[in-house]
Amino acid sequence: TTIYSKGIFINTCFDELNITHLDLIKEIHQEYINAGADVILTNTFGANSVKLKKYGLAEKCNEINSAGVKIAKSAVNNNKDIYIIGSIGSRLNMGSILTSENISDIELSYNEQIACLKDNGVDGIIFETYFDIDELLLGAKIAKELKLPVIASLTLKKEMETLTGLDIKTALKKLDKSEYIDALGLNCTIGPHAMLSAVQKVINFINKPLVVQPNASALKKVDGRTIYMNTPEYFTSYAKRYIELGVCGVGG
């Protein structure tokens, strides 16, 4: 959303901007740092061979990931108090699941991307906006074998379920038991109010730390436009409530 607000068309490969619009990506990192962020995420959410293939960029996977980390490092500028976490997204299309037919290509793409992010010096990995538990555990296992800290973050429906229909408490408890995961996460799809309900539902049933990154608000249709209606003050009020409940990290 931040990249789009800077005038980049929605059908652009946002990950490729690491090598075509370096200054833009650095500017966004710096805006987060100036706002007080302790952690920034690399612009590598879709920078894997499976997702890049549709743009004809699969062979540039390592170049894009390497550039993503280097840009983040340049924005951090040796500030030891700010961490750089490699952002990784699902390889599956919405509604798909991990199967014996696709697992080989998906596993290969995880190995390639995670190894590249590690080699370039990220402080950890966040798997974000996931809806398939098995794919998430596969990625986490590969990252942990490379000795990287792992945050595993699910996305939800309003009904407090994952997009595959699994109850949020059941899903997080399964991830909570995994030796490959250091912290759990909930992100995207729902706004601050619905996210608060999710946090209240799960916070006392998990042992690992919880990171929360809601949408700015629920999306509204206004005169044909899709926009967020809420204010920074509204978001902030809920961020405080998450922290009071025991959440260890808050983002957007």
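A residue counts as buried here when its relative accessible area is under 20%. With that cut-off in hand, β5 is mostly covered, since 5 of its 5 residues are buried. Keep in mind as you look around that this is a predicted model.

**The sheet as a whole**

Let's step back from β5 for a moment. The structure holds an open sheet of 7 strands, in the order β1-β2-β3-β4-β5-β6-β9, and the pairing is parallel. Its edge strands are β1 (39-41) and β9 (249-250), each of which pairs on one side only. As background, strands of a sheet pair through backbone hydrogen bonds, either parallel or antiparallel.

**Strands β3 to β6**

The pairings in this part of the sheet can be set side by side.

| Strand pair | Sense | Bridges |
|---|---|---|
| β3 (residues 124-130) and β4 | parallel | 4 bridges |
| β4 and β5 | parallel | 4 bridges |
| β5 (residues 183-187) and β6 (residues 210-213) | parallel | 4 bridges |

You can follow individual residues across these strands. Phe 127 has Ala 152 of β4 as its bridge partner, and Ala 152 in turn stands opposite Leu 184 in β5. A second path begins at Ser 153, whose bridge partner in β5 is Gly 185. Gly 185 then has Val 211 as its bridge partner in β6. Further along, Leu 186 stands opposite Val 212 in β6.

How many residues of β4 are buried? The count is 5 of 5, so β4 is largely enclosed by the rest of the structure. Val 150, Ala 152 and Leu 154 point one way from β4, while Ile 151 and Ser 153 point the other way, and all are buried. In β5, both faces are covered as well. Ala 183, Gly 185 and Asn 187 lie on one side of β5, with Leu 184 and Leu 186 on the other, and all of them are buried.

**The helices that link the strands**

Which helices join these strands into β-α-β units? Helix α7 (residues 133-145) makes a right-handed unit with β3 and β4. Helix α8 does likewise with β4 and β5, again forming a right-handed β-α-β unit. Helix α9 makes a right-handed β-α-β unit with β5 and β6. Besides linking β4 to β5 in its unit, α8 lies across β4, β5 and β6, running at about 150 degrees to β5.

**Helix α9 against helix α10**

Helix α9 (residues 192-202) also meets helix α10 (residues 232-245): their axes come within 10 Å and cross at roughly 5 degrees. Angles under 35 degrees count as roughly parallel, and α9 and α10 are therefore roughly parallel to each other. On the α9 side, the contact is made by Pro 192, His 193, Met 195, Leu 196, Val 199 and Gln 200. On the α10 side, the residues are Tyr 234, Phe 235, Tyr 238, Arg 241, Tyr 242 and Leu 245. By residue type, the contact of α9 with α10 divides into 9 nonpolar, 2 polar and 1 charged.

**Two threonines to look up**

Is Thr 162 buried or exposed? Thr 162 is buried, because its relative accessible area is 0%, which falls under the 20% cut-off. This residue is found in the loop between β4 (150-154) and α8 (168-176). Leaving aside residues up to four places away in sequence, Thr 162 touches Phe 131, Leu 154, Thr 155, Leu 156, Lys 157 and Ala 171. One of these contacts, Leu 154, is also among the buried residues of β4.

Thr 2 is found in helix α1 (residues 2-5). Thr 2 counts as partly exposed because its relative accessibility is 23%. With residues up to four places away in sequence left out, Thr 2 touches Ile 28 and Tyr 32. Thr 2 and Val 50 are 48 residues apart in sequence, and their C-alpha atoms are 24 Å apart in space.

Key:
Residues numbered from 1 in each chain as written. Predicted model: local features only at pLDDT ≥ 70, side-chain atom pairs only at ≥ 80, totals over all residues. Heavy atoms only, no water. Helix = DSSP H or I, 4+ residues; strand = E, 2+ residues; numbered from the N terminus. Buried < 20%, exposed > 50% of the residue type's maximum accessible area, 1.4 Å probe, protein only. Contact = heavy atoms within 4.5 Å. Pairing = 2+ DSSP bridges. Axes fitted to C-alpha atoms, helices over the stretch in contact; angles between N-to-C directions. Right-handed = clockwise from strand over helix to strand, strands pointing away. Parallel < 35°, antiparallel > 145°, perpendicular 65-115°, else oblique. Nonpolar A, V, L, I, M, F, W, Y, C, P; charged D, E, K, R; others polar.
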